[in-house]
Amino acid sequence: MAQLIDGKKISQEIKDELKETVASLQSKGIEGALAVIQVGNDPASSVYVRNKKKACEYIGIRSESYELPEETTEDELLALIETLNEDPKVNGILCQLPVPEHMDEQKIIRTIAPSKDVDGFHTQNVGALVVGQQGFVSCTPAGVIQLLKRSGIEISGKHCVVVGRSNIVGKPMALLMLQENATVTICHSRTADLKSVCKQADILIVAVGKPKMITAEYVKEGATVIDVGIHRQEDGKLCGDVDFDQVEPVAGAITPVPGGVGPMTIAMLMNNCVEAMTR
Ligand code: NDP
């Protein structure tokens, strides 16, 4: 049976550690506040925003909520971000994505001050990751690194295959694994013979956005399998990009969905907020 990598437990450990750090910063008079902006009322975004605010409350930092109507203009949103950039009481700014279609997502990300970009999406923070300098790292891939390290899974010298090359998951994931001295292969929709590439992986990280696409045939015996995907099935249950029931007997270690990577994203967002406080 594969080792089950428990993201729920690990994310709780991280949040408890952060709670202590926040208390100690507060005793020195350092306060933290995260500004959370949501444009429109996409139900999935509302759930994410609510969970982020709950996590702030848990670790002891203030969250400021900006719920803007769908018809907000891009200029209005940019003006709000600029005000928050200048506000010394706010040390983290997050604009929940996706934004409505009439807005340029990249422009919004670019407008957030890099020193307050706790999502780690600004090109300055992405660039810092590329050259190995300090900056905010995208939360989901940073969470995967914590899952591996805190589960005692060796990364250095291992062959890691990352399936997916998005800016928020696949690319930063590959860079972080490289920083941890893995040998990294990145796959995408044009990769030839994906199965045989995946089968070479000691650590297989999947972020394709296709429910249960990765079956046992893609996995080497004993490999560690990290499933970033999250999908709501017709029966209402959640599943990942990996077919858990098929892959679990082959894998050496595996993350479940839910309870794997998902909870880590918010824990690492809180980690970035605390880092923003200490800078
Ligand atoms: P994107 O849709 O932005 O990227 C998907 C990537 O997968 C692309 O690079 C695409 O390749 C590649 N891909 C698609 N189909 C195939 C295929 N058949 N074979 C090989 N590669 C393929 O998704 P995200 O990176 O944003 O998210 C991935 C998954 O992770 C989603 O399920 C999402 O819901 C989940 N997610 C979960 C989070 C969490 O907190 N747990 C946070 C963020 C995302 P190409 O570039 O060639 O098009």
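**Entry 1: the ligand**

I looked up V228 first, and found one of its backbone N or O atoms 3.4 Å from a nitrogen atom of the ligand. I note here that the model is predicted. For I230, I found a polar backbone atom 3.4 Å from an oxygen atom of the ligand. For S166, I found a polar side-chain atom 2.5 Å from an oxygen atom of the ligand. I then looked up the area of the ligand: taken alone, the ligand exposes 930 Å², and the protein buries 69% of that.

Which residues come nearest to the ligand? I counted 20 residues around the ligand, and the nearest of these are R165, S166, S189, K210 and T265. S166 is thus in this group and also supplies the side-chain contact recorded above. I sorted the shell by residue class and obtained 7 nonpolar, 10 polar and 3 charged residues.

**Entry 2: salt bridges**

Side chains of opposite charge can pair when their charged atoms come close. I searched the whole structure for such pairs and found 9 salt bridges. I examined several of them in turn.

I began with R150 and E17, whose side chains meet in a salt bridge at 2.9 Å, N to O. Where in the chain do R150 and E17 lie? I placed R150 in helix α6, residues 139-150, and E17 in helix α1, residues 7-27. The pair links distant parts of the chain, 133 residues apart. I recorded a relative accessibility of 34% for R150, which counts as partly exposed. E17 is partly exposed as well, with a relative accessible area of 40%. I also noted that E13 joins E17 and R150 in a network of salt bridges.

I turned next to K107 and E74, whose side chains meet in a salt bridge at 3.3 Å, N to O. K107 lies in helix α4, residues 105-111, and E74 in helix α3, residues 74-86, so this pair ties together parts that are 33 residues apart in sequence. Are K107 and E74 buried or exposed, or in between? I found K107 partly exposed, with a relative accessible area of 31%. E74, at 15% relative accessibility, counts as buried, because buried means under 20%.

I then looked up E275, which forms a salt bridge with R279; the closest N and O atoms are 2.8 Å apart. I recorded 21% relative accessibility for E275, which counts as partly exposed. R279 is partly exposed too, with a relative accessible area of 47%.

**Entry 3: cysteines**

How many disulfides does the structure hold? I found 0 disulfides. C95 is in no disulfide, and the nearest cysteine sulfur, that of C139, is 14 Å away. I found C95 buried, with a relative accessible area of 5%.

Why is C187 not bonded to C198? I found the sulfur of C187 5.2 Å from that of C198, the closest cysteine sulfur, and this is too far for a bond because a disulfide requires sulfur atoms within 2.5 Å. I recorded C187 as buried, with a relative accessible area of 1%.

Note on methods:
Residues are numbered from 1 along each chain as its sequence is written. This is a predicted model: local features need pLDDT of at least 70, side-chain atom pairs count only at pLDDT 80 or more; totals for chains, interfaces and linings use all residues. Side-chain values use heavy atoms; hydrogens and water are left out. A residue is near a molecule or strand if one of its heavy atoms lies within 4 Å of it. A polar contact is a pair of N or O atoms within 3.5 Å; within protein, one must be able to donate a hydrogen and the other to accept it, and residues adjacent in sequence count only if both atoms are side-chain atoms. Accessible areas come from the Shrake-Rupley method with a 1.4 Å probe; for residues, only the protein chains shown count as cover. Ala, Val, Leu, Ile, Met, Phe, Trp, Tyr, Cys and Pro count as nonpolar, Asp, Glu, Lys and Arg as charged, and the others, Gly among them, as polar. A salt bridge is a side-chain nitrogen of Lys or Arg within 4 Å of a carboxyl oxygen of Asp or Glu. Helices (H or I, at least four residues) and strands (E, at least two) are DSSP runs, numbered from the N terminus. Buried means under 20% relative accessible area, exposed over 50%, partly exposed in between (1.4 Å probe, protein chains only).
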